[in-house]
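Let's sit down together and learn how to read a contact between chains, a nonpolar core and a few salt bridges. Bring your questions as we go.

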Amino acid sequence: MSVTALVVTAVLTQNVILAQFLAPWPFPALLATPRRGALVSLALTVVFVWSATLYGIVYRTVLAPFGLVYLETITLVVILSVSLMLAARLAVALAPARYRLVRSTAPVLFLNAAVFVVATRLPQQVDRFAHLPLAAAATGAGVFLALVPLAAIRHRLDRARLPRALRGDTAVYIAVALTALVVQRLDAAIAALL
Amino acid sequence: MNPVGLHLGPRNPVWVVPLALPLAIFASGELNRALLFVWLLPAAVVLAHAIAAVVEPWVPRRLRIAVMAIVAAAVVTVAEVILRRTQIGSTSETLLMVRLIAVSGAMVWPALAAHSDEGWRVRFLRAVGVAVGFAVGLTILTAARLSLAAIGLQPGDSVAVGFLVLAAGRIVVFMIRDRRRRSAS
């Protein structure tokens, strides 16, 4: 797969949030404001690149050659757990005042469906190892493109004079449902063009 | 309210506090997938937290989330191997979703929400509550989506309709809660 095709696939057609709906938990809370959506996307991009690269090395040197692919869940979770502890240590060293914030958000960033799928799928999909971090970063860009507009829609709906029952998480679900319909139509249009 | 009752209703992990949204949306789109996840996720969550309760006293407190995640991954790996051997849920997409149980909020949150002085019983009850709440929430979500598909709304099993059904459910939960508050005051 060429680099351009790899990036377009990761950002648009296989978008982790809009096409595959592998939203990190707690999804609605991550979309409280566009700023939070942007920060979470950037942090997730770093985690994608880190975990996909580390897992890619283990997958290509140990799991695939020795026929141990059935151990990929536990291998990846060990990598993510060790990374989580390292991130907490780093936070203590670099910004002790923010330690509590890091301690509560780091598990959400490292242990979620999007990171798991990106880290396990990319080493199998990408032919050249050098392209792996690029594909992971492109997936992060796709998350940014999904989370920030969804957060903006939520923010706007929260400020609109909607009935109270429609505000908050309900607005997020409606926004995601409408975006899903748009992506579904886009997918169909792209498939027809191809 | 005890943790089980709390997660069955006011903090249901499917309808109110979405802890496993991708799994709930995926599983509720088809009856066979729902039948698999309605028992597999609760069983994996309860078993992983039971094992973690035994292991955790032997490890430093700061490593508890990591230990919990590794135990969950071990449980899910065993479940995946059994599913592969028995040919249950053998499509690659279903098996990928089974793997995601290990990192879902339903698995991690009961440990993440634990206070430092909390006993293992409280946390275990919270895990049981999340597991039972997920099973009940997923059953209702599946019934709603499949009913919509059965009455002729073709994309009833699509992701978009899944989210719309969840939104409608949240509105109903909000209305019930609002009515209770008014009657109490």
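**Reading the interface**

The contact takes 39 residues from chain B and 39 residues from chain A. Keep in mind that this is a predicted model.

Q: How much area is buried between chain B and chain A?

A: Good place to begin. The size of an interface is often given as the accessible area lost when the parts come together. Here the area buried between chain B and chain A is about 3,300 Å², and carbon and sulfur atoms give 78% of it. On the chain B side, R99(B), V103(B) and F163(B) lose the most area to chain A, together 17% of what that side buries.

Q: How many salt bridges does the rule find across the interface of chain B and chain A?

A: Side chains of opposite charge can pair when their charged atoms come close. Across this interface the rule finds 1 salt bridge. It joins E72(A) and R99(B), with N to O at 2.5 Å. The count of residue pairs in polar contact between chain B and chain A is 1, with both residues at pLDDT 80 or more.

Q: Which helices of chain B each supply at least two residues of the side that touches chain A?

A: They are α2 (21-27), α4 (64-86), α5 (92-100), α6 (105-112) and α8 (159-184) of chain B. Sorted by class, the side of chain B that touches chain A has 30 nonpolar, 4 polar and 5 charged residues.

Q: Let's turn to the nonpolar core. Which residues have the most contacts inside the largest one?

A: Those are F27(A), F37(B), L100(B) and I101(B), in a core of 108 residues. The largest share of this core, 11 residues, comes from α4(B). To get a feel for one member, try I101(B): setting aside its neighbours within four places in sequence, I101(B) is in contact with L23(B), F37(B), L40(B), L41(B), A44(B), V76(B) and M107(B).

Q: How many salt bridges are there over all chains?

A: By this rule the count comes to 7. One of them pairs R123(B) with E56(B), at 2.6 Å from N to O. R123(B) lies in helix α7 (residues 120-150) of chain B and E56(B) in the loop between α3 (31-55) and α4, so the pair ties together parts that are 67 residues apart in sequence. Both R123(B) and E56(B) are buried.

Q: What does the salt bridge of E80(B) and R99(B) tie together?

A: Their side chains meet at 3.1 Å, N to O. E80(B) sits in helix α4 of chain B and R99(B) in helix α5 of chain B, so this pair links parts 19 residues apart in sequence. E80(B) counts as buried because its relative accessibility is 2%, under the 20% limit. R99(B) is buried too, with a relative accessible area of 9%.

Q: In the pair R182(B) and D178(B), where do both residues lie?

A: Both lie in helix α8 of chain B, 4 residues apart, about one turn of the helix. The closest N and O atoms of this salt bridge are 3.3 Å apart. R182(B) is exposed, with a relative accessible area of 63%, whereas D178(B) counts as buried at 17% relative accessibility.

Q: Which residues do salt bridges that share partners join into one network?

A: The network is made of E72(A), E80(B), R84(B) and R99(B). You have already met R99(B) as the partner of E72(A) and of E80(B).

Notes: Residues are numbered from 1 along each chain as its sequence is written. Chains are lettered from A and ligands numbered from 1 in the order in which they are written. This is a predicted model: local features need pLDDT of at least 70, side-chain atom pairs count only at pLDDT 80 or more; totals for chains, interfaces and linings use all residues. Side-chain values use heavy atoms; hydrogens and water are left out. Contact means heavy atoms within 4.5 Å. Buried area is the accessible area (1.4 Å probe) that two parts lose on being put together, summed over both. A salt bridge is a side-chain nitrogen of Lys or Arg within 4 Å of a carboxyl oxygen of Asp or Glu. A polar contact is a pair of N or O atoms within 3.5 Å; within protein, one must be able to donate a hydrogen and the other to accept it, and residues adjacent in sequence count only if both atoms are side-chain atoms. Ala, Val, Leu, Ile, Met, Phe, Trp, Tyr, Cys and Pro count as nonpolar, Asp, Glu, Lys and Arg as charged, and the others, Gly among them, as polar. A nonpolar core is a set of buried Ala, Val, Leu, Ile, Met, Phe, Trp, Tyr and Cys residues joined through side-chain atoms within 4.5 Å. Buried means under 20% relative accessible area, exposed over 50%, partly exposed in between (1.4 Å probe, protein chains only).
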